Each structure stands twice: as C-alpha cells, then as structure tokens.
Amino acid sequence: MLVLEDVYTHYGKIEALHGVSVEVRAGEIVALIGANGAGKTTLLMTVCGNPQASSGRILLEGRDITRRPTAEIMRSGISIVPEGRRVFPGLTVEENLYMGGFFNERADNERGIGRVYELFPRLKERGHQRAGTMSGGEQQMLAIGRALMSKPRLMILDEPSLGLAPLVIRQIFEIIAQLRDDGITVFLVEQNAHQALHLADRGYVLETGRVRLQDTGLNLLANPDVQNAYLGG
Amino acid sequence: MMAQSFRHALFCGVITLIIAWPILGLKLVAEGTSITVRGADAFTWAAVAVAAVVVFTFQLFRDRLMGRLEVLQALNPLANREPLPDAKRIRLENIGMVLLIAVALVWPFLVSRGSVDLATLVLIYIMLALGLNVVVGLAGLLDLGYVAFYAVGAYTFALLSSYWGVSFWMALPIGALLAALFGLVLGFPVLRLRGDYLAIVTLGFGEIIRILLNNWTSLTGGPNGIGGIPDPTLFGMEFGRRVRGEGNVSFHETFGIPYSSEHKVIFLYLIALVLAVFTALVIRRLMRMPVGRSWEALREDEIAARSLGLSRTGVKLSAFTIGAFFAGFAGTVFASKQGFISPESFVFLESAIILAIVVLGGMGSQLGVILAAIAVTILPELAREFAEYRMLIFGAAMVLMMVWRPQGLLPMRRRHIKLKGV
C-alpha cells in the first residue's frame, strides 16, 4: 500500500530523517511510535510531500509519489487526520464534512455524510453547529469523518488521542479498528504507545530519525526495551 | 488598583502635553528670507493644559466611565436580540438588496448633478470593496496594495484611448483582464507569505505601481497624468454637445431632445450601477461555488485545507486574480468618469479606505460592505463644512466602530450548506 524506501528528509541543512524504511500493507493497522522529536510527524509530512524527501523513494500502491506536489498526493487515495485535529472552526460540522469530499460529486458526498453519521451519531446531532464550538473529542470525530469523505484507501492519523479524555480515546481507537474492518488501511502515529500497539497489526519504533525496531504490535508491547522507553517500565 | 490607574492617567496626560506642545504651541513664522520659531499665545497654552487635564481625568476614571456606556448598549434596539432564523434573515437581506437597487435606479432622476456624480463614486467604491472583500474577507489574505489593480484598470483605459483611440466598452474587459493578470503575477511571489508579511509585500507592490506611473513620463505623462479620456457611448451615440468619434452620432440629436450635460452624468452613473450589480452577483455566485468554499477553508485553516488536497497556489491565486479583476473594472469606470487620471488618485490612502470599508462592513458580508461603502464615501462629503477635521472625524468613527461593533455593520453569516436526505 505505502512503502518508504530509505527516505532522507531535510529541513534546510538539518537532516531530520536518516534513511527510514517503512511498509504499510493493505488492510493493516500500522503504528509508528516514538518520543517527542523522533521524527514521527516529519515522516508523515514527507509522505504528504511537505517537505519532500531529499532522497529515497515513497510508493503509494506501487506508484512513485516522492516528487509529486502535496495537493496531488492528497487526492490519490490517501487522507490524513492532522495533528491537533484542525477542523475548520467557523464552518458547521456538515460543511466541514463537505470540504472533506471537495473533489467528489454532490451525490457521493450526500452518501458519504450519511455513512459518517452512521459511524458517529454524535456528529449528526451537531450537524449545523459550528465545529469550533464542539469538544475536543467531537472535533476529533469530525476530523476523522472529514478524512473519510474522500473515500480513502489509506488513512493516516497523527496523534488522534492527543489531549483527549481516556474514555474518548477508547472510543476513537474503537473507530480506528472499525475502519480496518471496513477495508481501510490505517497508518497511525501515536505517543500513546500502549493503546496504539494493542490495536496495531505491526509497529515501528522511531528514534531520532531512524527506525529502531519493527515487529508485530504485541511483540513490541512485550519487548523490554519498548516497555522501558515508551510504556513507563 | 487606584495607584495603577493614577500612574496610567498621569502617563497619558504627559503624553498629551508632549504631543500637543510642539504641534500647537510652536509656530514657524517667515520673516523675510528666514524662518523663526515663536511660542503660541496664552489662549493656546491654556487649551493645551486643559486638554492634558481632560485626558488625565478621563483616564483616571476610565473604567467607571466606560462602564456607564453600557447604557448606550441598552439604547441600541439591536443589542442582545436573538439572531434571526436563517430563512428570515436571507429574505430580509434579499429585500434590502432589491430596495437598494430600486432606489439606486430612480436616484439620478430625482437629485442634482453633483449628487449623481457622488453616487457614481460610491458605486465605484462598492465595486472596489466587493472585490477586496474576496481577497481579505473570504480568503483572509491581507492586501494593502489593492489600489494598484485599480490603477492598472484606469491607466489601461487611459493609455489605450490616448494611443489607439480604443473605446470605453473595448477597454472595460481589457482593463479588467490586465488587472487580473497583474493580480496573478503578484500572486506568485506572495503565495508562501502569510499575515503581516503578505501585507508588507502587497503594500510595496501598490507603491511600485504608483511610482512607476509617476516616473515613466514618456508613456504615462508622469505626475501630469493623462487627460481627454473619452466618455462611454451608448450604441455609438455620444453624450457630448459635438460628436468626437468617427461614425458616431450624438445622443440628443438622435432622440430629438435638447442637449443637456446631465445626460452624460446619468449615463455614467447607470453604467456604474450595472457594473456594481454585476460584480455583486458574480461574487455572490462564486461564494456558493466550490471555489468560494475553498477560499473560506484556506482562511480558516491552511494546513487542513491542504491536507484535503486543495492546492494552496490555486486557491490563493484565484482569490487574488478575481479581486484584481473587479478592481480593474472599477478603474476603467473611474477613468471614464474623471476624464483625467494621474498617479495621485492611486495613493496608499485609497487602499486604506477600501480596506476600512471592508472591515467596517463586516468581513465577507456583501450587504454590509455595500452599506459601509455608501457611509464611508458620503460622510466626508456631508462633513464638508468641517473640511479640516474630516480625517479626525473619520478616525474617531473608526475607533468607536471598533469599540462597539468590532465584527462590522453586518457581519458575515454564511448561508449554510444543507444536504437533502441526510
């Protein structure tokens, strides 16, 4: 589905990723964990082409997207739930969802919004409310719903549990599991390593711009190094 | 608390003295070839002192005084009122628009020539403000050099007519398209900029155009400007006493009515009205189209908009280009109305006034912007008697407006998208 081959990324002269190789296979949930500043978000941004990788290759469903512009990448079957949710605060829930399906036919969007409302009944209640006035959890649901609108085959989630109450986090993770059951491949970036690895089929541990470990989610959970570094011993 | 507000009040009083003393208290007097500085008379000194005391007292009791102003809020019948339901509000707005247009249509036949002329100017500002509203209000790009596109439109017509005798109707689309092209060209370098930086670059661009027009004497006549810009014609009919263009006939002879200079003024007004309505309708339509929603999305959150596959380049350029297009429109009408243009008409103050109209009207709201354009253009004319204090009154009005109604006269409330069957 998504393959990164020996990717290097630079911010100006600073090298942020030092030859990262990651593979996300179709139908999987793959978790990427790591401490602050390990390069998790940089890796995601590189996939989106902003900044572009300075060397290495990124393949999406076999097609090389390394040098494609961001707007084109984001229209080719990927969608991203950005860090901090980033819903459009002044638009209503429904308009936010509509923006997610910006390049779709109108009829597709009506069906799409119906599907999102089934997944998140809470959003239906709030359909005409301005997104900025909702709680963090609701906004996160909206961000996921918006990302679903473009009918992605691969969904990337950047820190979906950030700043949410434990109960809400559990809900969000249940939804992510459901996305996989619906046939969407999920690439999950999380600091909340415990829950992420529980859910994920496989996981990668990123440390200062390099992949330190990769294994199945459960094996990583059991790994003493991971337990020490990311799971609080 | 008290000590703090006393310090603050003292500071304000001293500042008042520092500012007022050199401006009002010192006078330059020419004696022969030399200039000497003289102190002002006792009355001025007393006035400066009184002003300082007033400022001091006001600042000392500011909180209490401003608290009293709540009374004003209560007097405002619109305050604390429930917002109208969407459908009702839209109907009211539509009725308002229709009424405005109806009044605008009969207006020139009821009032004096001077008023019609002023109304034409109002319409030009309406076009400008509606265009800038796209850039600032909808797309959220702060453009301080908007007047440059206005100048491009005006100079396009002036130059085309003086070098090749191109008529108003030919120049109108050319001027608008050329202005749009300038918008596109300016758009490219500023794409990466946001907020303050964007404002600075556009400000610079506005000045570059003005200075270019001022110094390229061989082409534009520099500060002398370009005169003799022809009036628009109606199907080959001219409005002057004598026919100037080849193959044209005159309006009053065709209809067998006596010549009157008012015909031309009214005709120009009607053209401006049609173009202003056209501008409003086109932009209204665009706001509901995907491109309009993409402007708003980019204004709300650039990163989110890009993550949905919107191209930042495309969205910003479209806003800049469309805004510039309508400024070019307005510029062509302006050149035709004045018959003479010079770089002096396109100074930064114009950009500032147009921006003020957009902000006062309520960013993004069309009816609000139209009302604000009328107010901002007509108020200084009404206050002609206080000519010297016009800018002072203007400034005070702006400050009061920002204190009491920071969201503008009629803040934008978008028509929400509703889906069927969900």
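This is a short tour of a predicted model with stops in chain A and chain B.

**Stop 1: chain A as a whole**

Start by selecting chain A. Its secondary structure comes to 10 helices and 10 strands. The radius of gyration is 17 Å, close to the 17 Å given by the globule rule for 233 residues, so chain A is as compact as a globular protein of that length. Turn the C-alpha trace around and you will find that it spans about 45 × 40 × 30 Å along its principal axes. Of the 233 residues here, 55% count as buried. If you take the contacts in chain A with a separation of 6 or more, residues 24 or more positions apart account for 65% of them.

**Stop 2: A:Thr70**

Stay in chain A and select A:Thr70, which lies in helix H2 (residues 70-73). Is A:Thr70 buried or exposed? Its relative accessibility is 11%, under the 20% cut-off, so A:Thr70 counts as buried. Now show its surroundings. Leaving aside neighbours within four places in sequence, A:Thr70 is in contact with A:Cys48, A:Gly49, A:Asn50 and B:Arg306; note the chain letter on B:Arg306. Zoom in on A:Cys48: its backbone oxygen lies 3.2 Å from a polar atom of the A:Thr70 side chain.

**Stop 3: two arginines over rings**

Next, select A:Arg75 and A:Phe103. The charged end of A:Arg75 sits over the ring of A:Phe103, 4.3 Å from its centre. Then move to A:Arg146 and A:Phe88. Here A:Arg146 lies over the face of A:Phe88, at 5.0 Å from the ring centre.

**Stop 4: chain B as a whole**

Switch to chain B. Its secondary structure comes to 18 helices and four strands. Of its 422 residues, 43% count as buried. Among contacts between residues at least 6 apart in sequence, 74% join residues at least 24 apart in chain B.

**Stop 5: the nonpolar cores**

Which residues have the most contacts inside the largest nonpolar core? Select B:Leu128, B:Phe149, B:Trp295 and B:Ile357 to see them; the core itself has 103 residues. Helix H6 (residues 113-138) of chain B gives the largest share of this core, 17 residues. Apart from this core lies another, of 47 residues, among them A:Ile144, A:Ile176, A:Leu188 and A:Ala196.

Return to B:Ile357 and show what surrounds it. Not counting residues up to four places away in sequence, B:Ile357 touches B:Tyr125, B:Ala129, B:Val369, B:Ala372, B:Ala373 and B:Val376.

**Stop 6: helix H13 of chain B**

Now select helix H13 (residues 290-300) of chain B. Buried residues in this helix are B:Gly292, B:Arg293, B:Ser294, B:Trp295, B:Glu296, B:Ala297 and B:Leu298. What covers them? The cover includes helix H3 (93-100) of chain A, together with H6, helix H12 (262-288), helix H14 (302-307) and helix H15 (312-338) of chain B.

**Stop 7: aromatic rings**

How many aromatic pairs does the structure hold over all chains? There are 15. For one of them, select B:Tyr150 and B:Phe334: the pair is tilted, with 5.3 Å centre to centre and 45 degrees between the planes. The pair links distant parts of the chain, since B:Tyr150 is in helix H7 (residues 147-164) and B:Phe334 is in helix H15 of chain B, 184 residues apart. Both B:Tyr150 and B:Phe334 are buried. Add B:Tyr155 and B:Phe346 to your selection, and you have one aromatic cluster of B:Tyr150, B:Tyr155, B:Phe334 and B:Phe346.

**Stop 8: B:Leu198**

Select B:Leu198, found in helix H9 (residues 195-215) of chain B. With 2% relative accessibility, B:Leu198 counts as buried. Not counting residues up to four places away in sequence, B:Leu198 touches B:Leu141, B:Leu142, B:Val190, B:Leu193 and B:Phe320. Draw a C-alpha to C-alpha distance from B:Leu198 to B:Asp143 too: these residues are 55 apart in sequence and 7.1 Å apart in space.

**Stop 9: B:Ala40**

Finish at B:Ala40, in the loop between strand E2 (34-39) and helix H2 (42-60) of chain B. At 13% relative accessibility, B:Ala40 counts as buried. Around it, B:Ala40 touches B:Leu24, B:Gly25 and B:Trp45, not counting residues up to four places away in sequence. For a last distance, go from B:Ala40 to B:Tyr197: 157 residues apart in sequence and 44 Å apart in space, C-alpha to C-alpha.

Key. Residues are numbered from 1 along each chain as its sequence is written. Chains are lettered from A and ligands numbered from 1 in the order in which they are written. This is a predicted model: local features need pLDDT of at least 70, side-chain atom pairs count only at pLDDT 80 or more; totals for chains, interfaces and linings use all residues. Side-chain values use heavy atoms; hydrogens and water are left out. A nonpolar core is a set of buried Ala, Val, Leu, Ile, Met, Phe, Trp, Tyr and Cys residues joined through side-chain atoms within 4.5 Å. Buried means under 20% relative accessible area, exposed over 50%, partly exposed in between (1.4 Å probe, protein chains only). Helices (H or I, at least four residues) and strands (E, at least two) are DSSP runs, numbered from the N terminus. Contact means heavy atoms within 4.5 Å. A polar contact is a pair of N or O atoms within 3.5 Å; within protein, one must be able to donate a hydrogen and the other to accept it, and residues adjacent in sequence count only if both atoms are side-chain atoms. Rings of Phe, Tyr and Trp (its six-membered ring) pair if their centres lie within 6.5 Å; planes under 30 degrees apart count as stacked, over 60 as edge-to-face and the rest as tilted. A charge sits over a ring if NZ of Lys or CZ of Arg is within 6 Å of the ring centre and within 35 degrees of the ring normal. The radius of gyration is taken over C-alpha atoms; the globule rule is 2.2 Å times the number of residues to the power 0.38.
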